[in-house]
Amino acid sequence: MSLQLIPPDINVDFVGKRYFFVALSTLINLAAIVLLLTVGLNYGVDFAGGSVVQIKFDKPTTGDQIRKALAGLGLGEIAVQDFGTKSQNQFLIRFEKVRNIGSIGTRIEGALNDAYGSTNQAHVLRVETVGAKVGHDLRVDGFLAVAVATVFMGVYIAWQFARISWSFGAGAVIALIHDVLVVSGALVLSRFEFDLTTLAALLTVIGYSVHDTIIVSDRIREDAAKRRREPLESIMNRAINETLSRTILTSGTALTVLVALLALGGPILRPAAFTLFVGIITGTYSSIYIAAPVVLFWERGQRIKGAAARAA
Amino acid sequence: MEGATQNPITIVTLLALAGVFLWLHFTGGSGKLRLWLAGALVVAALVLLLPSLQLNLPGWLQPLNSLPKIQLGLDLQGGTHLLLEVKLEDAVKTSLRRRGDDIQREAKDNKLTPPQISQNADGSLLIKLVRPAEASAFQDLMSRAFSDLTLAPAPNQPGAYVAKFTPPEAAQVRSNAMDQALETIRNRIDQLGVRETTVAREGDNDILVQLPGIQDPERAKELIGKTAVLQFKLLDDKHSVSDALRQGPPPGDEILYGPPQAGGPTPYLVESPVLMTGDVVTDARVREGGRIEGPYVEVRLNRRGTEIFAALTSQNVGRNLAIVLDNTVYSAPVIKEPIPGGDVQITGNFSFEEAHNLAIVLRSGSLPAPVEIIEERTVGPSLGRDSIRQGELSFVVGAIAVLAFMAIYYNGAGLLADFGLILNILLLICVMAALQATLTLPGIAGIVLTLGMSVDANVLVNERMREELRAGKSPREAVKIGYERAWSAIRDSNISTFVAGLILFQFGTGPVKGFAVTLCVGVLTGVFSCFVATRAWYDWKISVRRLSTISV
């Protein structure tokens, strides 16, 4: 007998608890919006503009010493943070607008080596400088691309599921917006930098969210075509239970891989791995507790309207 | 990617094998044949990927090295990425100023008094007629000889006109300037001797420069940024520099400075007219020079340049000729005698490297407008290697975990799914190499998503087969229903992902594009490997009537 994590005859009443979970999700989403508007994402240089320079020292040093050594360069406010593990002696130096961005790497290396002398050499590993205009363009382009892609996915899903209900497209899009908000809120709280790699991870979350919603909705579509008399609510519950084993397995394996990425992927990949980790959890959750209820609420509204029309 | 070999073999081989496979799949062809084809695809993919592994291939395999390799993005292999903005409005202004000189010359040739011409802040020309009586003759001349300019009476200034380019002409000037800037920067980059560089136009007025694996990014930036406008002007020997510094330069003169040095740069009072520009330079070389003057640059002029230079030196013997590069006076030697030969020496206390850079920019021509670096990303080669190593490690650990889990949980069907996954990864990388697409960190995110989706495709099919077996269906029916019922979900999910990929590619920039490419390719190879190819195994088993049990 092969392994079986979820008993085949499982029957959890998912849909019956929808009011509670929709209310909970709405609260979490509102909190995420408040966080985004008040605290805001910790934009990396990709989107905020400015420079970030990654430095490796031969021997340990402190952020204060680095700041002191760079004071003469006139870089304005400098933020210095540790990068990676302590033993690597790596630091990220970040500052806002600089003039003459071409030569910043050598200027910093020169200033540090003047201050520290030959006993503790500094090596510039990475320089990223993004002009304010480019940062703004990247933000606008990225947002536009995601928005248009979302609309097209919604239209495609609505069309493919139209036989059961036009609202599946809306359900998938609302679930997707829910997931983006939850992940953004988690990013605000974690203070991970939001840069292009994080954006790519967010795009991946969007892809996964829609994929997961389609898988669950597909089973609803199939069951609804077979059992025309059964109320939609119980069809949904049945479909969600039938796909539960697959849902747990797929998101479980994905989360396992992400744990590997979080642990071994190094500091550059960590924000992306975190984004994906939160995104897979919320993406799986929203297919069940957001996308399906949206369809139910919509259908109930239609039925009431239909009944009103018949009564008139 | 420039310089990379375009080799159609990879893509043709893969498409042919996959095409036959799909045809057999949909026409219900032999499962056995399809299994062989799947094996052939694995072998083909492995062979095509050999060059990307950069092993030392034995002699008889050397021809394989001409196959396309995977291109790693700068975030993975290290290098410099620059986005340059070309100040095109400056090119339009420069061009208008030249037209202003043309107007004066043309007026003189037509027996009119040359008008006074100055340039407004927005670049348009303010033309003041010296004799108002010539107004109609001047307007006539303008409409006849300068149809690329629009002429309007200047507000509140009788007898004065404002001239600027017609919109199509201005667009033409911008487009020419952009082409020239691209060409010039490409020439300069070529002289750096870095392999597989990219110099490409991006948007309306930006240029993207990518220098993989470059050791000295500072030098590249210095070379790219130099406008390198070379001009020859005469020093004014009638007025003193110190008076001009105090009271402003006399009309027709300007103050320019020498290169930075201790105690401040030397000021020079030069006459504004440009006697000759750098566009007549055909070659520039570094010469050793003596101990005192140091290395200098010897510039060779073309025939027209030689003539102009001979004339200007013979007319101005005894005066100082200022050699001005990007508005800096490098030297102002006395013209001792007419120089008919066409060789000019530019001295100026250069270090050898400065002289070398100067020679490069003079050879590659001047930029039509200044450029500004608006984005820079430099990743040291060691850091790029670190990201690859850490990424690889976590990828391998994650992949092994997934493969092992599938095999344990689904037994035989799990092993089949593992085969599908491995085929998927191989094909994906192969197609990426064949398309010469660049693999970046966001691209890897796209790969991870499509891999997740193809694992899910197998989970869907296998769960469905278990379900049908539990409901008492025969293994044969369970396979058929499992694949059929899973298809609608897999189709819809993959199509919507593919559509999203296309849109992200269309609207997104750089990294978002990289994500979109791997997403689209991964969807295609994923559906093929994990859905179409694994089905062949069951069809073969059914065809030999051995499918009494399935291990799922």
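User: What should helix α4 (residues 104-116) of chain A span at 1.5 Å a residue, and how far apart are its end C-alpha atoms?

Analyst: The 13 residues of helix α4 of chain A should span 18 Å at 1.5 Å a residue, and its end C-alpha atoms are 18 Å apart, which agrees. The expected span is 1.5 Å times one less than the number of residues, while helices (H or I, at least four residues) and strands (E, at least two) are DSSP runs, numbered from the N terminus.

User: Is this predicted or not, and how are things numbered?

Analyst: This is a predicted model, in which local features need pLDDT of at least 70 and side-chain atom pairs count only at pLDDT 80 or more, although totals for chains, interfaces and linings use all residues. Residues are numbered from 1 along each chain as its sequence is written, and chains are lettered from A and ligands numbered from 1 in the order in which they are written.

User: Which residues of α4(A) are buried?

Analyst: They are A:Ile104, A:Gly105, A:Ile108 and A:Leu112, where buried means that 20 or more other C-beta atoms, placed from the backbone, lie within 10 Å of a residue's own (exposed is 12 or fewer, partly exposed in between). These buried residues cover an arc of only 105° around the axis, which puts them on the same side of α4(A); the arc is that of the directions from the helix axis to the C-beta atoms.

User: What covers them?

Analyst: The cover includes β2, α3 (63-70), β4 and β5 (122-130) of chain A, together with β18 (371-379) of chain B.

User: How many residues of strand β4(A) are buried?

Analyst: Five of the six residues of β4(A) (residues 90-95) are buried, so this strand is largely enclosed by the rest of the structure.

User: Which strands pair with it?

Analyst: Strand β2 (residues 50-57) of chain A runs antiparallel to β4(A) and is joined to it by six bridges, and strand β3 (residues 78-83) of chain A is also antiparallel to β4(A), with six bridges; pairing requires that DSSP finds at least two bridges between two strands. A:Val52 has A:Arg94 of β4(A) as its bridge partner, whereas A:Val80 stands opposite A:Ile93.

User: Switching to chain B, what is its radius of gyration?

Analyst: Chain B has 34 Å, but a compact globule of 552 residues would have a value near 24 Å; the radius is taken over C-alpha atoms, and the globule rule is 2.2 Å times the number of residues to the power 0.38. Its C-alpha atoms fill a box of roughly 110 × 60 × 40 Å along the principal axes.

Note on methods. Two residues are in contact if their C-beta atoms, placed from the backbone, lie within 7 Å.
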